[in-house]
Amino acid sequence: MSNASMSANLRASIRSARDSAAAFWNDRSAQERKQLLVIGSVILLALVYLLLIDPALSGRAQLRKSLPELRQKAAVMQQLARDAVALSSIVAPPPPVLSKEGMETSLATRGLKSQSVVVTDDVVRIQLSSVSFAALVDWLGEVQKTVRLSVIDTSITAQSASDTVNATLTLRQQKSESRSE
């Protein structure tokens, strides 16, 4: 079907429906017409109320009910923002001083026995033989948080036993950053 024939069919259908409605309307008495107008107006008003007015009123009531909670959340967020600004101005304490004894003690608490520990300035070189990989990873996480050591070089070789590795680590201590405002 072409657009022209579809358009013609649509116009014919509309014209037929309009003629049927006009015939229906003309067949009614004046009193029936008034009643149909009143009923149509009531239905139209009910639809306007149900589709436009009621959702707006119920949404407004819901917002009014949730407004105190939202205000409280906003106040908490503003306080957290003020706290964050205050905390950002605080200078972090300097990291603890690195020492061979401190590193060996830290390794021992995780059950790691080192072959050698060399500490020079802010760099630590550690050699470990036949240690648990899981314990090594846990220890690295701990010293990253407490002593601010980060791995700058590593060599890890798996052993035949499960979860056992040989490792050579080079770690550097991060210095605290001074803030100037």
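D163 is partly exposed in this predicted model, its relative accessible area being 38%. The residue sits in the loop between strand 3 (149-158) and strand 4. Its backbone is a bit of an oddity: phi is positive, about 60°, although D163 is not a glycine. Another aspartate shows a similar quirk. D121 belongs to the loop between strand 1 (114-120) and strand 2, and its phi is near 50°, again positive in a residue other than glycine. With a relative accessibility of 74%, D121 counts as exposed, because the cut-off for that label is over 50%.

Next comes T164, which lies in strand 4 (residues 164-173). T164 has a relative accessible area of 18%, so it counts as buried, the limit being under 20%. What does T164 touch, once residues up to four places away in sequence are set aside? The list is S130, V131, T157, A158 and Q159. Two of these contacts can be placed on strands: S130 falls within strand 2 (123-132), and T157 falls within strand 3 (149-158).

Now for the chain as a whole. The protein has four helices and four strands, and reading along the sequence gives the pattern α-α-α-β-β-α-β-β. Is the overall form like a compact globule or unlike one? The radius of gyration gives a clear hint: a compact globule of 181 residues would come out near 16 Å, but this chain has 40 Å. Along its principal axes, the C-alpha trace spans about 110 × 50 × 30 Å. As for burial, 16% of the 181 residues count as buried. The chain exposes about 13500 Å², and carbon and sulfur atoms supply 59% of that area. Contacts across the sequence are there too: among those with a separation of 6 or more, 54% link residues 24 or more positions apart.

S41 gives a feel for the distances involved. This serine is in helix 2 (residues 30-88), and at 40% relative accessibility S41 counts as partly exposed. How far is S41 from S155 in sequence and in space? The two serines are 114 residues apart along the chain and 85 Å apart in space, going from C-alpha to C-alpha.

The nonpolar side chains come next. In soluble globular proteins, such side chains tend to be buried together. Here the largest nonpolar core holds 20 residues, and the ones touching the most other members are M103, V124, I126, L136, W139, L149 and L171. Helix 3 (100-109), strand 2 (123-132), helix 4 (133-146) and strand 4 each supply at least two residues of this core. Helix 4 gives the most, with five residues. M103 makes a handy example of how the pieces meet. Leaving out its neighbours within four places in sequence, M103 is in contact with L98, V117, V119, V124, W139, V147 and L149. Of these partners, V124, W139 and L149 are also on the list of residues touching the most other core members.

Finally, the charges. The chain carries 21 positive and 16 negative side chains. The centres of these two sets lie 13 Å apart.

Notes:
Residues are numbered from 1 along each chain as its sequence is written. This is a predicted model: local features need pLDDT of at least 70, side-chain atom pairs count only at pLDDT 80 or more; totals for chains, interfaces and linings use all residues. Side-chain values use heavy atoms; hydrogens and water are left out. The radius of gyration is taken over C-alpha atoms; the globule rule is 2.2 Å times the number of residues to the power 0.38. Buried means under 20% relative accessible area, exposed over 50%, partly exposed in between (1.4 Å probe, protein chains only). Contact means heavy atoms within 4.5 Å. Accessible areas come from the Shrake-Rupley method with a 1.4 Å probe; for residues, only the protein chains shown count as cover. Lys and Arg count as positive and Asp and Glu as negative; His and the chain ends are not counted. The place of a charge is taken as NZ of Lys, CZ of Arg, CG of Asp or CD of Glu. A nonpolar core is a set of buried Ala, Val, Leu, Ile, Met, Phe, Trp, Tyr and Cys residues joined through side-chain atoms within 4.5 Å.
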